[in-house]
Amino acid sequence: MAKRLFNKEFFIRSVKYNVRTLFRKEIEEATEQQIFQAVGYAVKDAIMDAWIATQKEYEKSDPKIVYYMSMEFLMGRALGNNLINLTFYDEVKEALEEIGLDLNTIEDQEPDAALGNGGLGRLAACFLDSLATLGYAAYGCGIRYRYGMFKQQIVDGYQVEVPDMWLKNGNPFELRRPEYAKTVKFGGYVRVENRNGRNMFIQEGYQSVLAVPVDLPIVGYGNNVINTLRIWDAEAINSFELDRFDKGEYEKAVEQENLARNLVEVLYPNDNHMAGKELRLKQQYFFVSASVQEAIAKYKKKHSDIRKFYEKATFQLNDTHPTVAVAELMRILMDEEGLEWDEAWDVTTKTCAYTNHTIMAEALEKWPIELFSRLLPRIYQIVEEINRRFVNQIQEQYPGNYEKVKKMAIIMDGQVKMAHLAIVAGYSVNGVARLHTEILKKQELKDFYEMMPQKFNNKTNGITQRRFLLHGNPLLAKWVTAHVGDEWITDLPKIKELTLYVDDEKAQHEFMNIKYQNKVRLAKYIKEHNNIDVDPRSIFDVQVKRLHEYKRQLMNILHVMYLYNQIKEHPDMDFYPRTFIFGAKAAAGYMRAKLTIKLINSVADVINNDASINGKLKVVFIEDYRVSNAEWIFAAADVSEQISTASKEASGTGNMKFMLNGAVTLGTMDGANVEIVEEVGEENAFIFGMSAEEVIALENQGGYDPSQLFNTDQDIRHVLMQLINGEYSPNDPERFRELYNALLVDGGYNRPDPYFILKDFRSYAEAQKRVEAAYRDEKGWARMAMLNVAHAGKFTSDRTIQEYVDDIWKLDKVTVELPEEAK
Ligand code: CBF
């Protein structure tokens, strides 16, 4: 990979200059935050030439562009990642050391750009990294939320949500582009006017808001390609209507300003769950309308025939959240560009493609027609017409079958079903792991699959190795490069050559030593943040992800309670020391999830303070799990807990990050775990529990009766009783009754234990035993962990993106040359 030249003197001068001009200080006087800002601006400067060159190249070669539309981009920190991809990281570190600054400390000053909830948003961020690295023209289109994902504080064991003021010190990497602002209209009514025999639809009496783009650079690895993440900010068009104020209409005078402020105020912190709020729909239309307008404006700069728009642009809808894009594109094509319905539909259905990320019923977006039509009157008319035509099509294909209409219509029972709209208007519908796509085809979207099988395809998720190995785990990254060369950075399957070393004792030793050092690094973090001493020689067993019942953190902590009972009952039993590490945010209104966090912390309190068990067991809940601390956590893990109820986790991507960092999967045959096991071999993972087919079959029978297990299995009974006898809540024995009831009485869907925690418990405990036994065999474990790294090649997002390009988007690669003076 060609390395760009780095001019150390120039960089140092630039940092010093920035400190002076931004803060009127010399470097010695500046705060750490100010230094971060100064370094950030210097790095943005270093990016600028390539950013301009990339835009020029795109203008010249006019490639097809993918617009990746997403409500969420969970970017994390930019500084370190940008340096890594510029291939300047070590040079900048050295340069800063020369002037007495430490890059790691500076990196720590940067707040995470947490414009996402979890997997879906982080996937979008990995995709942008891969698109730039592979040299494809792409825009990420999203929202510049003023407050991102909330900061989590743990107070007395409970989660407390604190606003995430990520922009409070400014963001050195962003670029505001008011010259490309767009107007977005809400509400009012549609007046129809006949002009020269053609009906014109004119929206009147609306409220409008200005969408102002703010661009962030997306640096490709070592290739001069800088793509753009365009996040839209909102501004009032007439910020303050003085005449209205003079007339005493104070509220009306500030209405526009309020609309703008509220629109982009905050990210809804719901993962796999629909918020159903009016403001959320407004947010969706806001960024989608602005992005579609922008895409069309860009196209029209070079092309006159709007009927061929799809040859130069494609919209990937990241879940159903941006699905209004379908109707917005139809609106612009018909009402502004003058196309007839059929022509506009032809363009739209060749432009939009949809990714489904979940089968969880509560995540499927449905909007009441009253709300939808009031907020987006013209868009609603268009959706109604799409629905009318689609229902006709169903009736033609399945005459007299009203069940089909009921199941598949876009508008039904007073609701607009966004997934149906996305499928009907999209030219591609993809799931995110093989198993998930099969479930979509055979179960959740069966009727659609039968009617339009050609649209369905699978794109197993991936992750970027540049952030999650090269940046997050420098020790391992260097070691891998020393053994197999550095091509893995842009060609991850090359990492397979590590298999040559898995039986080499020296390599095993080095590998385990690196893991140990990473465990020491995490242990220090835990000591600083949790004031808990953990032993880096113990097994680090980690479950970090959003808190959701289907992900079964509750099963994990019940098992910890069971192990603790075992140690207490048999103090002399042979037990390999274990550290169970959790990290998870719960949606603010998700009470059972929040109670699970409290339970984990309560169990941690008891176990960590019980001197009688000699530190054999430790439990840690890492506060505010996010991208930046995740990088350290993956690097330090021995065991990767991927224990969702089979069929429920569409893919998972944490599972891939752990694997790449040499943690062994303890999991169910769910989501991408299936493919991980396929790559690494079942003997190099710990698989347990019901299969997806078994789960679905049992669900279709209405569930099962866990009281049988409660009555016959003493260990299970014991831990369940501890939920209600005050063992972990002596001041309030009833505190965890809700969790007990969910398992034994009703946990939702009118049944006990809907996520089969107790049903899978024994099998899970048995798999945990196998983990312990395997870990005792040091060489065997090293081999297994190394094999996981070696077989992670498939799970790079570079592979996923190449598949999207080949099968869906059909983009051409672009190469960017820097002008001589910038080299
Ligand atoms: O596809 C990316 C991820 O998306 C989710 O996080 C989501 O929000 N629907 C899924 O839950 C994950 O399984 C999936 O990996």
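The exercises below, each with a worked solution, concern the domains, the ligand shell and two helix pairs of a predicted model.

**Exercise 1. Determine how the chain is divided into domains and what the contact between them consists of.**

Solution. Begin with the division itself: domain 1 comprises 62–77 + 112–461 + 806–822, and domain 2 comprises 465–697 + 760–793. Next, take the C-alpha centres of domain 1 and domain 2, which lie 35 Å apart. The contact then draws 40 residues from domain 1 and 35 residues from domain 2. On the side of domain 1 that touches domain 2, at least two residues each come from strand 2 (73–76), helix 6 (119–134), strand 5 (151–155), strand 6 (158–162) and helix 16 (434–444). Finally, sorting the residues of that side of domain 1 by class gives 13 nonpolar, 19 polar and 8 charged.

**Exercise 2. Describe the shell around the ligand by its residues, their classes and the domains they come from.**

Solution. The ligand is surrounded by 16 residues, of which the closest are Gly 119, Leu 120, His 357, Ala 650 and Ser 651. Divided by class, the shell around the ligand holds 4 nonpolar, 10 polar and 2 charged residues. As to origin, domain 1 and domain 2 each contribute at least three residues to this shell.

**Exercise 3. Work out how helix 19 is oriented relative to helix 20, and which residues make their contact.**

Solution. The axes of helix 19 (residues 474–484) and helix 20 (residues 505–530) come within 9 Å of each other and cross at roughly 165°. Because angles over 145 degrees count as roughly antiparallel, helix 19 is roughly antiparallel to helix 20. The handedness of their crossing is right-handed. Leu 475, Leu 476 and Trp 479 of helix 19 make the contact with Glu 510, Phe 511, Ile 514, Gln 517 and Asn 518 of helix 20. By class, this contact of helix 19 with helix 20 consists of 5 nonpolar, 2 polar and 1 charged residues.

**Exercise 4. Establish the relative orientation of helix 1 and helix 2, and the make-up of their contact.**

Solution. Helix 1 (residues 8–23) and helix 2 (residues 32–61) pack at an angle of about 125°, and their axes are 8 Å apart. Helix 1 and helix 2 are therefore oblique to each other, and their crossing is right-handed. Helix 1 contributes Phe 11, Ser 14, Val 15, Asn 18, Val 19, Leu 22 and Phe 23 to the contact, while helix 2 contributes Gln 34, Gln 37, Ala 38, Val 39, Tyr 41, Ala 42 and Asp 45. Classified, the contact of helix 1 with helix 2 has 9 nonpolar, 4 polar and 1 charged residues.

Technical notes. Residues numbered from 1 in each chain as written. Predicted model: local features only at pLDDT ≥ 70, side-chain atom pairs only at ≥ 80, totals over all residues. Axes fitted to C-alpha atoms, helices over the stretch in contact; angles between N-to-C directions. Helix = DSSP H or I, 4+ residues; strand = E, 2+ residues; numbered from the N terminus. Parallel < 35°, antiparallel > 145°, perpendicular 65-115°, else oblique. Left-handed = near helix turned anticlockwise from the far one by under 90°. Contact = placed C-beta atoms within 7 Å. Nonpolar A, V, L, I, M, F, W, Y, C, P; charged D, E, K, R; others polar. Near = placed C-beta within 6 Å. Domains from an automatic or database assignment.
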